[in-house]
Amino acid sequence: MILRGKLGLLCLFSFISIALQAQENYKDVNTKNEHTVESVYEVKNYDQAKLKFRKKPKNVILLIGDGMGVSHVFAGMTANKGALNIQNMKNIGFSKTQSGNNYITDSAAGGTALACGVKTYNNAIGMDINKQPVKSILHYAEDNKKATGLVSTSAITHATPASFIAHVEKRVMYEDIASDFLNTDINVFIGGGYKHFTERKDGRNLVDELKGKGYMVYTDLDASSSFKDGKLAVLTADEHNPKYDERGNMLELATKKSLEILSNAEEDGFFLMVEGSQIDWGSHQNDASYVVGEVLDFDQTVGAVLEFAVKDKSTLVIVTADHETSGMSLEKGNMKKGYIKAGFTTGSHTGVMVPVFAFGSGAEEFQGIYENTEIFNKIFKLMRFKKD
């Protein structure tokens with residue numbers, strides 16, 4: 001009986017280990033150093049002198065290119081033959097990404113710094129270094145009668161989006177993170193992670209509970225096309241979404257759908273976070289083509305957001321990263337051919353600063369070099385929020 005008990009525990013721990021590894025298997029190195037243009041898209045250029053924005057933003061859209069450093073941006077620029085939508089964002093700064101307990105942050109601590117304005121330990125989601133829950137900018141937006149949304153190409157329960165919605169001690173607590181969606185009134189969220197809402201150890205079906213709270217829930221983004229007003233959840237994959245060349249323009253379409261829902265909400269403005277998760281994953285794999293494809297997918301989403309901001313005149317758009325991944329360098333390149341050859345110093349994160357690009361209402365506040373927590377503080381101040 002004792003032997004069976006030990007074997008049972010061993011099997012249980014093995015199952016849990018395999019399940020957790022499945023969430024993180026994008027970190028396996030599979031080095032591919034070169035990328036040549038697959039297709040080129042047109043970039044719209046805006047005359048900054050002619051654009052007039054409201055001084056203080058009514059809406060904030062924060063786009064996070066997970067793992068995206070300067071080399072990643074320039075690799076994308078080269079592959080698109082010299083142009084990115086991000087180049088329209090003339091107010092540029094740099095963010096220092098160190099976590100509360102490590103020179104090299106992970107996405108949980110990095111995401112929490114951006115979302116909540118505190119430095120914390122690696123693995124923490126929405127908690128400070130003493131494991132006390134802290135409110136995110138999304139929660140403050142809700143308190144201030146603004147609509148809110150999250151979009152991600154990963155599971156919506158993964159580290160970066162989770163940092164805006166949940167409070168758990170470890171990022172791998174996916175089912176607990178999913179439960180925290182029921183503790184908010186978020187208007188729209190789109191990403192993977194369906195299993196964390198339905199195939200749970202506690203037997204709860206969070207999809208049914210979301211429907212009970214008035215959400216329309218879909219498992220396919222196309223199926224939600226006619227839905228325009230109300231609370232929306234689209235869980236686009238059992239766990240993570242596939243990479244850019246398999247999922248199509250899901251990120252851009254999901255972002256446009258979120259903007260439609262948030263614009264139609266009755267609240268006074270909105271906060272939306274959009275994550276291009278898999279820039280990080282291609283970097284972990286040291287795969288230059290994966291990196292570039294994800295950067296370009298992310299940049300096309302940036303283009304859609306900038307177009308919205310130009311028309312709206314009261315929106316602040318911020319593009320940044322939670323950290324840099326892979327120590328990517330560019331060893332060769334050709335703008336005319338859309339070709340790059342990359343080098344990588346690691347399959348992990350690095351401690352270098354990451355760029356911050358801003359556009360629209362209040363964008364000038366994001367110039368300079370500052371801690372990643374200042375992004376939260378700057379949004380908080382510009383939105384005129386008040387702390388409890």
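Student: Which residues does Asp66 touch, not counting residues up to four places away in sequence?

Tutor: In this predicted model, Asp66 touches Ser107, Thr160, Glu275, Gly276, Ser277, Ile279, Asp280, Asp322 and His323, leaving out residues up to four places away in sequence.

Student: Okay, and where is the place of Asp66?

Tutor: Asp66 is in the loop between strand 2 (59–65) and helix 2.

Student: Is Asp66 buried or exposed?

Tutor: Asp66 has a relative accessible area of 4%. The cut-off for buried is under 20%, so Asp66 counts as buried.

Student: Which residues does the UniProt "binding site" annotation that includes Thr160 cover?

Tutor: According to the unreviewed UniProt entry, that "binding site" annotation covers Asp66, His158, Thr160 and Glu275. They are spread over 210 residues of sequence, yet they cluster in space, with a largest C-alpha distance of 11.5 Å. The lining of the largest cavity includes Asp66, His158, Thr160 and Glu275.

Student: Tell me about Glu275. Where does it lie, and what does it touch?

Tutor: Glu275 lies in strand 8 (residues 270–276). Its contacts, not counting residues up to four places away in sequence, include Asp66 and Thr160 from that annotation, along with Ile64, Val151 and Leu251. Glu275 is also buried, at a relative accessible area of 1%.

Student: And His158, where is that found?

Tutor: His158 is found in the loop between strand 4 (147–155) and helix 5 (159–162). With a relative accessible area of 6%, His158 is buried.

Student: Which residues are covered by the "binding site" annotation with His323 in it?

Tutor: In the unreviewed UniProt entry, that annotation covers Asp66, Asp280, His284, Asp322 and His323. These residues cluster in space although they are spread over 258 residues of sequence, and the largest C-alpha distance is 14.4 Å. Of these residues, Asp66 and Asp280 are included in the lining of the largest cavity.

Student: What is His323 in contact with, leaving aside its neighbours within four places in sequence?

Tutor: The contacts of His323 include Asp66 and Asp280 from the annotation. Among the others are Gly67, Met68, Ser107, His349 and Val354. His323 sits in the loop between strand 9 (315–320) and strand 10, and His323 is buried, with a relative accessible area of 0%.

Student: Switching topic: how many residues of helix 2 are buried?

Tutor: Seven of its 10 residues are buried, so helix 2 is mostly covered. The buried ones are His72, Val73, Ala75, Gly76, Met77, Thr78 and Ala79.

Student: What covers them?

Tutor: The cover for the buried residues of helix 2 includes strand 1 (34–36), helix 11 (278–284), helix 12, strand 10 (324–325), strand 11 (329–334) and strand 12 (339–343).

Student: At what angle do helix 2 and helix 12 pack?

Tutor: Helix 2 (residues 70–79) and helix 12 (residues 288–312) pack at about 85°, with their axes 9 Å apart. The two helices are therefore roughly perpendicular to each other.

Student: Which residues meet there?

Tutor: From helix 2, His72, Ala75, Gly76 and Ala79 meet Val291, Val292, Val295 and Leu296 of helix 12. By class, this contact has six nonpolar, two polar and no charged residues.

Student: Last one, on helix 12: what does Glu307 touch, not counting residues up to four places away in sequence?

Tutor: Glu307, which lies in helix 12, touches Lys44 and Tyr46 when residues up to four places away in sequence are not counted. Glu307 and Tyr46 are 261 residues apart along the chain, and their C-alpha atoms are separated by 9.4 Å. At 32% relative accessibility, Glu307 counts as partly exposed.

Conventions. Residues numbered from 1 in each chain as written. Predicted model: local features only at pLDDT ≥ 70, side-chain atom pairs only at ≥ 80, totals over all residues. Heavy atoms only, no water. UniProt positions renumbered as here; feature names shortened; annotations may be inferred. 1 Å grid on protein atoms, 1.4 Å probe; cavity = no way out; pocket = protein on both sides within 12 Å on 5 of 7 lines; lining within 4 Å. Helix = DSSP H or I, 4+ residues; strand = E, 2+ residues; numbered from the N terminus. Buried < 20%, exposed > 50% of the residue type's maximum accessible area, 1.4 Å probe, protein only. Contact = heavy atoms within 4.5 Å. Axes fitted to C-alpha atoms, helices over the stretch in contact; angles between N-to-C directions. Parallel < 35°, antiparallel > 145°, perpendicular 65-115°, else oblique. Nonpolar A, V, L, I, M, F, W, Y, C, P; charged D, E, K, R; others polar.
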